[in-house]
Amino acid sequence: MRLDNQLVIETPERVELRFALANVGSRFLAALIDHGIQFLTLFVLGLVVAQISDVLRDLQLSRSVELWLLALLVLVSFLMYFGYFAIFETVWNGQTPGKRWMRLRVIRIDGRPIGFFEALVRNVLRTMDFLPSGYALGVMSIMLHREARRLGDLVAGTVVVKERLGTTPVLDQVLATHAVEVRRQPPAVMDDIGNVHALTADDIAAVERFLLRRSTLPEKARPWMAARIAAPISQRLGVSPPLDPEPFLEAVDRQYRARAKYLVD
């Protein structure tokens with residue numbers, strides 16, 4: 001789901017992930033940096049091969065040696081053009097030097113890191129994005145698609161997102177942290193919390209966000225924030241404000257999950 005230039009992913013564990021979508025300008029600059037590195041590398045390599053060819057001629061060696069050297073240059077150029085993006089995005093977890101400089105990252109549409117297959121597919125189709133010239137088709141696709149995806153992204157099932165300052169956790173890390181946090185909390189015995197049917201989607205979202213991020217909150221702010229969220233929810237449920245708001249919010253979340261599972265089943 002896209003919302004205000006964001007990709008919102010709700011996992012089966014009901015963990016909501018939000019990724020800021022990369023815009024055309026930042027992606028174009030990242031591509032410009034990468035193509036500059038490609039061009040510079042090939043230019044230097046061409047100069048080296050030319051110098052070696054001159055030495056071979058002076059030594060009057062067999063013409064086949066020079067041809068083999070030229071064939072090697074063609075092979076390296078091919079790998080540099082088609083393999084540069086795929087190799088870097090595989091090894092650097094969805095980044096190339098240009099994307100790293102611009103703080104961008106390629107991820108799968110479900111929020112998980114890409115593998116070699118996704119990196120290869122999205123970049124094999126990069127040539128199509130140049131049509132008719134100068135990334136015209138790619139830019140048009142990014143601007144028109146609701147998730148800012150070009151043709152290669154559509155086929156590979158990927159999307160380019162902005163990295164926040166610091167390390168951006170991938171989906172597996174988020175779920176692992178969430179699972180540890182859930183196991184760390186003792187089960188609260190609180191059955192009488194009212195009818196969760198009276199709660200709105202915003203109420204449930206507030207509860208889930210707090211439970212997901214509470215371990216990162218300052219120690220003094222955590223109880224205050226839990227109480228502030230629990231107060232209007234308890235009023236909506238028609239029960240007294242809880243003395244201990246965190247177990248109350250856990251019970252609300254647990255009962256809502258059970259109700260949602262029943263509706264799905």
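1. Let me start with the core of this predicted model. The largest nonpolar core has 15 residues, and those with the most contacts inside it are Leu199, Ile233, Phe248, Leu249 and Val252. Three elements give two or more residues to this core: helix H9 (201–213), H10 and helix H11 (245–264). H10 gives the most, with five residues.

2. Leucine 199 is a good place to look next. Leaving aside residues up to four places away in sequence, leucine 199 touches Ile204, Ile233, Arg236, Leu237 and Val252. Two of these partners, Ile233 and Val252, are also among the residues with the most contacts inside the core.

3. Staying with H10, serine 234 is worth a click. Serine 234 lies in helix H10, which spans residues 221–237. Is serine 234 buried or exposed? Serine 234 counts as buried, because its relative accessibility is 1% and the cut-off for burial is under 20%. Beyond residues up to four places away in sequence, its contacts are Val239, Ser240, Pro241, Pro242 and Phe248. Of these, Phe248 appears again among the core residues with the most contacts.

4. H10 and H11 are also joined by charge. Arginine 222 and glutamate 246 form a salt bridge in which the closest N and O atoms are 2.8 Å apart. Arginine 222 sits in helix H10 and glutamate 246 in helix H11, 24 residues apart, and the pair links distant parts of the chain. Glutamate 246 counts as buried, at 14% relative accessibility.

5. Now to the strands, beginning with E3. Why can strand E3 be called largely enclosed by the rest of the structure? Strand E3 covers residues 104–108, and four of its five residues are buried, so the description fits. Five bridges join E3 to strand E4 (residues 158–162), and the two run antiparallel. Within this pairing, arginine 108 stands opposite threonine 158 in E4.

6. E3 has a salt bridge of its own to point out. Arginine 105 pairs with glutamate 163, with 2.5 Å between the closest N and O atoms. This pair links distant parts of the chain: arginine 105 belongs to strand E3, while glutamate 163 is in the loop between E4 and helix H8 (171–184), 58 residues apart. Both partners are buried: arginine 105 has a relative accessible area of 13%, and glutamate 163 is at 16% relative accessibility.

7. Another salt bridge joins the side chains of arginine 27 and aspartate 153, at 3.0 Å from N to O. Which helices does this pair connect? Arginine 27 is in helix H1 (residues 24–58) and aspartate 153 is in helix H7 (residues 151–156), 126 residues apart, so that distant parts of the chain are linked. Arginine 27 counts as buried at 11% relative accessibility, and aspartate 153 counts as buried at 0%. Both belong to a network of salt bridges that links Arg27, Glu89, Lys99, Arg122 and Asp153. For the protein, the count of salt bridges comes to 12.

8. Arginine 27 also leads to isoleucine 142, which is found in helix H6 (residues 136–144). Isoleucine 142 is buried, with a relative accessible area of 11%. Setting aside residues up to four places away in sequence, isoleucine 142 touches Val24, Arg27, Ala148, Arg149 and Arg150. Its C-alpha atom is separated from that of valine 24 by 6.7 Å, although the two residues are 118 apart along the chain.

9. H1 has a nonpolar surface as well. Phe39, Leu40, Phe43, Val44, Leu47, Val48 and Ile52 make a nonpolar surface patch of about 680 Å². One of them, valine 48, is found in helix H1. Valine 48 is partly exposed, with a relative accessible area of 42%.

10. Finally, some overall figures to keep beside the details. The protein has 11 helices and four strands. Of its 265 residues, 38% count as buried. Among contacts between residues at least 6 apart in sequence, 65% join residues at least 24 apart. The protein exposes about 15900 Å², and carbon and sulfur atoms supply 65% of that area.

Methods: Residues are numbered from 1 along each chain as its sequence is written. This is a predicted model: local features need pLDDT of at least 70, side-chain atom pairs count only at pLDDT 80 or more; totals for chains, interfaces and linings use all residues. Side-chain values use heavy atoms; hydrogens and water are left out. Buried means under 20% relative accessible area, exposed over 50%, partly exposed in between (1.4 Å probe, protein chains only). Two strands pair if DSSP finds at least two bridges between them. Contact means heavy atoms within 4.5 Å. A nonpolar core is a set of buried Ala, Val, Leu, Ile, Met, Phe, Trp, Tyr and Cys residues joined through side-chain atoms within 4.5 Å. A salt bridge is a side-chain nitrogen of Lys or Arg within 4 Å of a carboxyl oxygen of Asp or Glu. Patches are made of residues with over 30% relative accessible area and no salt bridge: like charges are joined within 9 Å, nonpolar side chains (Val, Leu, Ile, Met, Phe, Trp, Tyr) within 5 Å. Accessible areas come from the Shrake-Rupley method with a 1.4 Å probe; for residues, only the protein chains shown count as cover.
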